[in-house]
Amino acid sequence: MSYGMVLGLPLTFGGLHYGFTRGPIGLAAAVVGAVLLAFGIWSLFQMRGLRRRLRLVTADAWRGPAAHLPGAREAPPSPRI
């Protein structure tokens, strides 16, 4: 996902700029960048679906490590020494 986003976005827009201002090789880079960007977005949605399924299976694991402790207002006062 990261490679698709990090490499796809600059290649797409940089390739378009280079293709319009200098030569047609930039348009080829823009096509490669668009493919990388599409792969990054696809893997992002796939990862979100997997994360949602994992939350359904392990609901308690997604709570904070201190979720079972009482809050600051509900905790008894600390003893003074």
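Trainee: How many aromatic pairs does the count come to?
Mentor: This is a predicted model: local features need pLDDT of at least 70, side-chain atom pairs count only at pLDDT 80 or more, and totals for chains, interfaces and linings use all residues. Residues are numbered from 1 along each chain as its sequence is written, and side-chain values use heavy atoms, leaving out hydrogens and water. Rings of Phe, Tyr and Trp (its six-membered ring) pair if their centres lie within 6.5 Å; planes under 30 degrees apart count as stacked, over 60 as edge-to-face and the rest as tilted. By this rule, the count is 1 aromatic pair.

Trainee: Which residues form the aromatic pair?
Mentor: The ring centres are 6.0 Å apart. The planes meet at 35 degrees, so the pair is tilted. The partners are Phe-39 and Trp-42.

Trainee: By about how many helical turns are Phe-39 and Trp-42 separated?
Mentor: Both sit in helix H2 (helices are DSSP runs of H or I, at least four residues; strands are runs of E, at least two; numbering starts at the N terminus). They are 3 residues apart, so the separation is about one helical turn.

Trainee: How many helices and strands does the chain have?
Mentor: H1 covers residues 2-21. H2 covers 25-57. The totals for the chain are 2 helices and 0 strands.

Trainee: How far apart are the end C-alpha atoms of H1?
Mentor: The expected span is 1.5 Å times one less than the number of residues. H1 has 20 residues, so it should span 28 Å. The model agrees, with the ends separated by 29 Å.

Trainee: At which residue does H1 bend?
Mentor: The bend is the angle between axes fitted to the seven residues ending at a residue and the seven starting there. In H1 it is about 30 degrees. A proline, Pro-10, follows within four residues of the bend, which is at Gly-8.

Trainee: How far does H2 reach from its first C-alpha to its last?
Mentor: H2 has 33 residues. At 1.5 Å a residue, 48 Å is expected. The reach is close to that, at 48 Å.

Trainee: Against which helix do the buried residues of H1 pack?
Mentor: Buried means under 20% relative accessible area, exposed over 50%, and partly exposed in between (1.4 Å probe, protein chains only). In H1 the buried residues are Gly-4, Gly-8, Thr-12, Gly-15 and Gly-19. In H2, the buried set is Gly-26, Ala-30, Gly-33, Leu-37, Gly-40, Ser-43 and Gly-49, and these pack against H1. In turn, the buried residues of H1 pack against H2.

Trainee: Which residues does Thr-12 touch, not counting residues up to four places away in sequence?
Mentor: Thr-12 lies in H1. Its relative accessibility is 11%, so it counts as buried. Contact means heavy atoms within 4.5 Å. On that basis Thr-12 touches Ala-30, Gly-33 and Ala-34.

Trainee: What separates the C-alpha atoms of Met-5 and Leu-44?
Mentor: Met-5, in H1, has 29% relative accessibility and so counts as partly exposed. Leaving aside neighbours within four places in sequence, Met-5 contacts Pro-10, Leu-37, Gly-40, Ile-41 and Leu-44. Met-5 and Leu-44 are 39 residues apart along the chain, yet their C-alpha atoms are separated by 9.5 Å.

Trainee: How far apart in space are Leu-7 and Leu-36, C-alpha to C-alpha?
Mentor: Leu-7 counts as partly exposed because its relative accessibility is 43%. Setting aside residues up to four places away in sequence, it touches Ser-2 and Leu-36. Leu-7 and Leu-36 are 29 residues apart in sequence; in space, the distance is 7.0 Å.

Trainee: Is Val-31 buried or exposed?
Mentor: Val-31 is found in H2. In space, C-alpha to C-alpha, it is 9.4 Å from Gly-8. Its relative accessible area is 54%, so Val-31 is exposed.

Trainee: What percentage of the chain's residues count as buried?
Mentor: The chain exposes about 6,900 Å² (Shrake-Rupley method, 1.4 Å probe; for residues, only the protein chains shown count as cover). Carbon and sulfur atoms supply 69% of that area. Of the 81 residues, the buried share is 16%.
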